[in-house]
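Good morning, everyone, and thank you for making the time. I would like to walk you slowly through one structure, so please have a look at the screen before I begin.

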Amino acid sequence: MMPSAHGKHNERMGCASGTPHSGSVPVKGWCGAAAKLRAPQPDATPPVTAAELQTYLHAHIPLSAAMQVTVDVASPKQVVLGAPLAPNINHRDTVFGGSASALAILSAWALLHVRLTAGGHAARLVIQRNEMHYDDAILGDFTAQALAPAADAWQGFMRMLTRKGKARIAVASTLLCAGQSVGRFEGEFVALDMTRM
């Protein structure tokens with residue numbers, strides 16, 4: 001069974017030097033997943049399709065392929081990722097806490113990736129810190145739903161990115177199993193303007 005306690009982690013998204021797990025033990029050493037984002041094409045709706053995003057994640061973040069992550073929804077308003085129980089199972093026949101955390105982080109990161117791509121912005125995204133709450137054991141296939149930040153927060157983020165070439169923004173994600181919320185994630189991400197690197 002997955003613990004009900006919440007964990008606070010300082011992480012870098014991508015390849016881990018430590019294994020993420022639940023509880024209050026920090027996990028460090030995750031490197032950033034860089035993305036060269038293409039400008040949207042005329043009349044392209046959406047700029048990044050669910051299939052394109054899934055292919056990108058599997059190619060550039062191998063953990064997502066090992067977890068058998070699928071992209072159910074990919075839009076600037078929300079990203080929904082799914083994963084089956086079998087490749088993410090623990091010794092208690094529930095979802096491993098590290099897999100649950102990874103799917104939540106991926107959904108939030110992917111939302112920013114999609115939104116920046118839609119705006120034609122080339123940026124490198126890394127996660128700076130996050131907080132994960134495990135509210136219930138996950139007994140089957142599960143999803144992570146990340147919703148777009150509030151409009152004023154996004155506008156401030158884009159102003160800073162344009163002006164300074166670096167900006168931070170918080171993104172939340174909800175873990176769901178059988179239609180019920182089983183976990184909550186909030187992370188702070190940093191975007192770096194690749195045209196200035």
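How many salt bridges does the structure hold? The answer is three, and I will take them one at a time, keeping in mind throughout that what we are looking at is a predicted model.

Let me begin with the pair formed by glutamate 188 and arginine 129, whose side chains meet in a salt bridge at 2.8 Å from N to O. Glutamate 188 belongs to strand β8, which covers residues 180-193, while arginine 129 belongs to strand β5, residues 123-134, so this pair ties together parts that are 59 residues apart in sequence. As for how they sit relative to the surface, glutamate 188 is partly exposed, with a relative accessible area of 23%, and arginine 129 is also partly exposed, at 42%.

The next salt bridge joins aspartate 135 and arginine 184, with the closest N and O atoms 2.8 Å apart. Here again distant parts of the chain are linked, since aspartate 135 is in the loop between β5 and β6 (142-147), whereas arginine 184 is in strand β8, and the two are 49 residues apart. Aspartate 135 counts as partly exposed at 35% relative accessibility, and arginine 184 counts as partly exposed at 40%.

The remaining salt bridge is between the side chains of aspartate 193 and arginine 196, which meet at 3.5 Å, N to O. Are these two residues buried or exposed? Aspartate 193 has a relative accessible area of 14% and is therefore buried, the limit being under 20%, while arginine 196, with 47%, is partly exposed.

Let me now step back to the overall fold. The protein has four helices and eight strands, and, read from the N terminus on, the elements run β-β-α-α-β-β-α-β-β-α-β-β. Of the 197 residues in the protein, 47% are buried. If we consider the contacts between residues at least 6 apart in sequence, 67% of them join residues at least 24 apart. On the outside, the protein exposes about 9,300 Å², and carbon and sulfur atoms supply 54% of that area.

From there we can turn to the interior. The largest nonpolar core has 49 residues, and those with the most contacts inside it are Leu53 and Leu175. Helix α3, residues 97-118, gives the most to this core, contributing 13 residues. Which residues does leucine 175 touch, if we leave aside residues up to four places away in sequence? Among them are Ala100 and Ala104, together with Met132, Ile138, Phe142 and Val182.

Staying with helix α3 for a moment, I would point you to serine 101, which lies in that helix. Serine 101 is buried, with a relative accessible area of 2%, and, not counting residues up to four places away in sequence, it touches Met132 and Tyr134.

My last topic is the aromatic residues, where a search of the whole structure finds two aromatic pairs. One is formed by tyrosine 56 and tryptophan 109, and it is stacked, with 6.3 Å centre to centre and 15° between the planes. This pair, too, links distant parts of the chain, with tyrosine 56 in helix α1 (residues 50-60) and tryptophan 109 in helix α3, 53 residues apart. Both tyrosine 56 and tryptophan 109 are buried.

The other pair is formed by tryptophan 154 and phenylalanine 157, and it is tilted, with 5.0 Å centre to centre and 40° between the planes. Because these two residues are three apart in helix α4, which spans residues 151-164, about one helical turn separates them. Tryptophan 154 counts as buried at 12% relative accessibility, and phenylalanine 157 is buried as well, with a relative accessible area of 2%.

Before I stop, please find the ring of tryptophan 154 once more, where the charged end of arginine 115 sits over the ring, 4.2 Å from its centre. Tryptophan 154 is thus a residue to look at twice, as a partner of phenylalanine 157 in the tilted pair and as the ring beneath the charged end of arginine 115. Thank you for listening.

Definitions and conventions: Residues numbered from 1 in each chain as written. Predicted model: local features only at pLDDT ≥ 70, side-chain atom pairs only at ≥ 80, totals over all residues. Heavy atoms only, no water. Salt bridge = Lys/Arg side-chain N within 4 Å of Asp/Glu carboxyl O. Buried < 20%, exposed > 50% of the residue type's maximum accessible area, 1.4 Å probe, protein only. Core = buried A, V, L, I, M, F, W, Y, C linked by side-chain atoms within 4.5 Å. Contact = heavy atoms within 4.5 Å. Areas by Shrake-Rupley, 256 points an atom, 1.4 Å probe, with all protein chains shown as cover. Phe/Tyr/Trp six-rings, centres within 6.5 Å; stacked < 30°, edge-to-face > 60°. Lys NZ or Arg CZ within 6 Å of the ring centre and 35° of its normal.
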